[in-house]
Amino acid sequence: QVQVVESGGGLVQPGGSLRLSCAASGSIFNIFSMAWFRQAPGSQRGLVAIKTTSGTATYVDSVKGRFTISRDNAKNTVYLQMNSLKPEDTAVYYCYVVLTTRSGLAPTNYWGQGTQVTVSS
């Protein structure tokens, strides 16, 4: 069994900051990519940022220069530091992890339950 749990969402004023955390636990053999997606009301879920095992980070254009994704591989944890937040960043943020549970198995995708981020004055 694998669990993916996010934390750190909340209400923040425009221009403020939040830090999201996501920890994967359970029967994990190897983690490949770890990423953050978000979904606003009436919109499809979309990629915010992803970080591979090699350390390569990729961001959606709308958050470049404001958000930073980082990983602590020893803790199987990924973070999303969000600065200069805007009302359009309001969404449910989901953690996404690609991992294997045993040697020789194909990678499997796991989602967290989501954490609400609301940017409003």
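Are Cys-22 and Cys-95 buried or exposed? Both Cys-22 and Cys-95 are buried in this predicted model, and the views below show the disulfide and the strand that carries Cys-95.

**View 1. The disulfide between Cys-22 and Cys-95.** The sulfur atoms of Cys-22 and Cys-95 lie 2.0 Å apart and form a disulfide. A search of the whole structure returns 1 disulfide. The torsion about the S-S bond of Cys-22 and Cys-95 is about -80°, and the disulfide is therefore left-handed.

**View 2. Strands β3 and β9, linked by the disulfide.** Cys-22 belongs to strand β3 (residues 18–26), whereas Cys-95 belongs to strand β9 (residues 91–100). With their positions 73 residues apart in the numbering, the pair links distant parts of the chain. Strand β9 is mostly covered, as 9 of its 10 residues are buried.

**View 3. Pairing of β9 with β4.** Strand β4 (residues 30–39) pairs with β9 in the antiparallel sense, over 8 bridges. Within this view, Ile-31 stands opposite Leu-99 of β9.

**View 4. Pairing of β9 with β10.** Strand β10 (residues 108–111) and β9 are joined by 4 bridges in the antiparallel sense. Trp-111 in β10 is the bridge partner of Tyr-96.

**View 5. Pairing of β9 with β11.** Strand β11 (residues 115–119) runs antiparallel to β9, and 3 bridges join the two strands. Here Val-92 has Gln-116 of β11 as its bridge partner.

Methods
Residues numbered from 1 in each chain as written. Predicted model: local features only at pLDDT ≥ 70, side-chain atom pairs only at ≥ 80, totals over all residues. Heavy atoms only, no water. Disulfide = S-S within 2.5 Å. Buried < 20%, exposed > 50% of the residue type's maximum accessible area, 1.4 Å probe, protein only. Pairing = 2+ DSSP bridges.
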